2 protein chains.
Amino acid sequence: MSASGAVTAPAQPLVPVLAVVGVGLIGGSFAAALRDRGAVGRVLGVGRQAATLAQARELGLIDEIVSLPEAAQQADLIFLAMPVGATETILSQLKPFLRPDTIVTDAGSTKANVVSVARAVLGDRIGQFIPGHPIAGAEKTGPLAAEAALYRGRTVVLTPLEENSSQAKAYLTRVWECCGARVMAMDAQVHDTVLASVSHVPHFLSSVFMWQVATAQDSDLRMALAGSGFRDFTRISAGSPEVWRDIFLANRSAVLSELQEVKAALSRAEMALQDADGESLQDFLEHAALARRFWGSRSGLT
Amino acid sequence: MSASGAVTAPAQPLVPVLAVVGVGLIGGSFAAALRDRGAVGRVLGVGRQAATLAQARELGLIDEIVSLPEAAQQADLIFLAMPVGATETILSQLKPFLRPDTIVTDAGSTKANVVSVARAVLGDRIGQFIPGHPIAGAEKTGPLAAEAALYRGRTVVLTPLEENSSQAKAYLTRVWECCGARVMAMDAQVHDTVLASVSHVPHFLSSVFMWQVATAQDSDLRMALAGSGFRDFTRISAGSPEVWRDIFLANRSAVLSELQEVKAALSRAEMALQDADGESLQDFLEHAALARRFWGSRSGLT
């Protein structure tokens, strides 16, 4: 028989107070995922645009709109999900008010530059900052696009610093796993090189190609005959010019170096075509097709 | 009062007897679309693989499996939907049995080479051949992928010959419109140049990029961090290596020449990145993004 009247104190949620800076797709989905799992107490939203913040509150993504100092004073976890270019400003405004036990993480697509900015700004508080990058779609933007399932089955890269405590790293890993993500830890420079290859270079090439077609004299006719292959290949080129300009600038040397590799591969393939060398063409197409099919069957991305 | 007993003869369908050579996605969907609209009487299927033909018959895409001579003798319209490389062989086998009123058309992705092969093989029967190219997806293949709606809202390019009669051209246009497609007529060389730009070059670049990532030393790590942008950009590289090898070889000079244009654009964009010229980068990204968004809103391709 259980002792009647014994009340169990409600368990503290994993994140008692979460602050999200930038309540768009990435920030809003993070809040939604944690709320969905009952893993968050209160969600504070910070942002530049009042209308976006109001919308996020109406959608129930955040509970309260606060300033950066208020977020620093109240939050247990601060998630930076605004464009990478604003990292320095945001951290500078958070630092004077940051509680010593608060963990700050981010969602920036480049990591080495974020780390160096964070070190410069946070100084001896750098141990509280754990850099991160959730690899999750960003075709749609804004709080309306946010969804609790965005990170389910997706990879989140953390590029922890020497100064981060094991406890803090374990905690942030648990938070991301709670969103359904799998967490990989790696060096910031390795992250940037790999992302240059599989994310930044495709975007660069897609945009260059789209630009070339759009500026051709007969672009109307070209566009009229463009089909589903064109659609897929150019989809990413529709992304935010500002966001991608910042990513390219932030990861400039890795992007330029990967572009060299792609151009070398392109020269080889062009040579085969020039020589009407069907065997070499077939070899390279087959290698690419098999690799893509294998990736497709394992990536979980449909 | 209508005269009772007066029986209206059932209207002849638009295509009394259709023969489809190659009953995969393209050929099967053509038959399915016409059947769906009640526009076809009997459908004959020709192909190399008995299993595929049997499957097409089970699926109701074709009524009967026949030889090329039988198809030539019986069909009012013959639709060639096998790989372009087989055009010469197929036309040679059709020609001796071809009825003088039968129209032959094709679905090949390149047109100038098909026209020259057809002229050489068909000789004084060339007026019966109207070259065509439906711009419709080919990610899935085989009769199972065939669907009556494939051509709805899609563009079909015809590159008619001087020798084609107005009547024959009007008839084929009506047939395609009956499948829900819009028909555009143009010169074969113009078609090939435009398709080099919006179809063949993207496939070439996507495959080159996929090959480069797959052959990198750390390809496993790269693949593990590849997200939805990578997925879209590389999707076409999974296509049939044989089919695409043939397309590249068939449209070699136009593809090589378009690649030069893309490389020139790439050099300009690379230069801007090299110089950390944010304004130029933003300009080019914006131009590309606006053009892609505009295309997306008009193409009807989701």
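Good morning. I begin with two helices from different chains: in this predicted model, the axes of helix H11 of chain A, residues 252-274, and helix H7 of chain B, residues 188-215, come within 9 Å of each other and cross at roughly 120°. Because angles from 65 to 115 degrees count as roughly perpendicular and those over 145 as roughly antiparallel, this pair is classed as oblique. The crossing of H11(A) and H7(B) is right-handed.

Which residues make this contact? From H11(A) come A:Glu261, A:Val262, A:Ala265, A:Leu266 and A:Ala269, and H7(B) contributes B:Phe204, B:Val208, B:Phe209, B:Trp211 and B:Gln212. Sorted by class, eight of these residues are nonpolar, one is polar and one is charged.

Let us now consider the whole interface. In total, 78 residues of chain B are in contact with 78 residues of chain A. On the chain B side, H7(B) supplies the largest share, 18 residues. By class, that side of chain B has 46 nonpolar, 20 polar and twelve charged residues.

I turn finally to helix H10 of chain A, residues 241-250. Is this helix largely enclosed or largely open? Seven of its ten residues are buried, so H10(A) is largely enclosed by the rest of the structure. The buried residues are A:Pro241, A:Trp244, A:Arg245, A:Asp246, A:Ile247, A:Phe248 and A:Ala250. Their cover includes H5, H7 and H11 of chain A, together with H11 and H12 of chain B. Thank you for your attention.

Key: Residues numbered from 1 in each chain as written. Chains lettered and ligands numbered in written order. Predicted model: local features only at pLDDT ≥ 70, side-chain atom pairs only at ≥ 80, totals over all residues. Axes fitted to C-alpha atoms, helices over the stretch in contact; angles between N-to-C directions. Helix = DSSP H or I, 4+ residues; strand = E, 2+ residues; numbered from the N terminus. Parallel < 35°, antiparallel > 145°, perpendicular 65-115°, else oblique. Left-handed = near helix turned anticlockwise from the far one by under 90°. Contact = placed C-beta atoms within 7 Å. Nonpolar A, V, L, I, M, F, W, Y, C, P; charged D, E, K, R; others polar. Buried ≥ 20, exposed ≤ 12 C-beta atoms within 10 Å, placed from the backbone.
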